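Ready for a short walk through a protein model? Open your viewer, keep the selection tool at hand, and follow the stops below.

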Amino acid sequence: MLINPKSSVHLAVTCQSLFLANLLVLPGLSFIALLWMLIKYKQQSAIVRIHLYRAVQLSVAVGLVVFTPLIFILLSDTVPFQLMAMLLYFILVHTGFVLIGMLNLARAMVKKLPIF
């Protein structure tokens, strides 16, 4: 089923907004909504599919890159230093992903493809 171009931009914006919501407001619930959109709208226009796949890929990357090092800090003996390093790492990487999400959201609003 094809949809008109105006609503395809709305779906692309929704995909990128869900990615940002997954990072900032509702982690987990927004990712489930993103997966639901992937199942429902994977036959849509090219711009919607690309934004949808990119948002899901970035959400999985955030989960791997940001939260996997937490396992090392929990299993470490020198907790105070590693906790500080982990906090700095989390803030820097999380902020980077938020900036990527904001950039992709702006590109979805002007009907352009996501950068990352």
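A residue is called buried when its relative accessible area is under 20%, exposed when it is over 50%, and partly exposed in between. With that in mind, look at the whole chain: of its 116 residues, 36% count as buried. Please remember on this tour that you are looking at a predicted model.

**Stop 1: the whole chain**

Switch to a cartoon view. You will find five helices and zero strands, so the pattern along the sequence reads α-α-α-α-α. Taken along the principal axes, the C-alpha atoms fill a box of roughly 55 × 25 × 20 Å. Now turn on the surface. Its accessible area comes to about 7300 Å², and 76% of that belongs to carbon and sulfur atoms. What about contacts along the chain? Among those between residues at least 6 apart in sequence, 63% join residues at least 24 apart.

**Stop 2: N22 in helix α1**

Select N22, which lies in helix α1, residues 5-24. Is N22 buried or exposed? Its relative accessible area is 12%, so N22 is buried. Show its side chain and follow it to the backbone nitrogen of G28, which it reaches at 3.1 Å. Then display the surroundings: leaving out residues up to four places away in sequence, N22 touches P27, G28, S30, F31 and S59.

**Stop 3: H94 in helix α5**

Next, select H94, whose place is in helix α5; this helix covers residues 79-109. H94 has a relative accessible area of 16%, so H94 is buried. Which backbone atom does the side chain of H94 reach? Draw a distance to the backbone oxygen of L23, and you should read 3.1 Å. Setting aside residues up to four places away in sequence, H94 touches L23 and L24.

**Stop 4: a nonpolar patch**

Keep L24 selected and add V25, L26, L29 and I32. Together, these residues make a nonpolar surface patch of about 510 Å². One of them, I32, is found in helix α2, residues 29-41. I32 has 55% relative accessibility, so it counts as exposed.

**Stop 5: two aromatic rings**

Now for the rings: the structure holds one aromatic pair. Select W36 and Y41, whose ring centres are 6.4 Å apart and whose planes stand at 85°, so the pair is edge-to-face. Two values are used to describe such a pair of aromatic rings, namely the distance of the centres and the angle of the planes. While you are here, check Y41 on the surface: at 19% relative accessibility, Y41 counts as buried. The cut-off for that label is under 20%.

**Stop 6: two methionines in helix α5**

Go back to helix α5 and select M84, which lies there. With 53% relative accessibility, M84 counts as exposed. How many residues apart in sequence are M84 and S7? The answer is 77, and from C-alpha to C-alpha they are 45 Å apart in space.

Finish with M102, which is also in helix α5. M102 has a relative accessible area of 47%, so M102 is partly exposed. Select L58 as well: L58 and M102 are 44 residues apart along the chain, and their C-alpha atoms are separated by 12 Å.

Technical notes
Residues numbered from 1 in each chain as written. Predicted model: local features only at pLDDT ≥ 70, side-chain atom pairs only at ≥ 80, totals over all residues. Heavy atoms only, no water. Patch = residues over 30% accessible without salt bridge, like charges linked within 9 Å, V, L, I, M, F, W, Y side chains within 5 Å. Areas by Shrake-Rupley, 256 points an atom, 1.4 Å probe, with all protein chains shown as cover. Salt bridge = Lys/Arg side-chain N within 4 Å of Asp/Glu carboxyl O. Helix = DSSP H or I, 4+ residues; strand = E, 2+ residues; numbered from the N terminus. Buried < 20%, exposed > 50% of the residue type's maximum accessible area, 1.4 Å probe, protein only. Phe/Tyr/Trp six-rings, centres within 6.5 Å; stacked < 30°, edge-to-face > 60°. Polar contact = N/O pair within 3.5 Å; in protein donor to acceptor, adjacent residues only side chain to side chain. Contact = heavy atoms within 4.5 Å.
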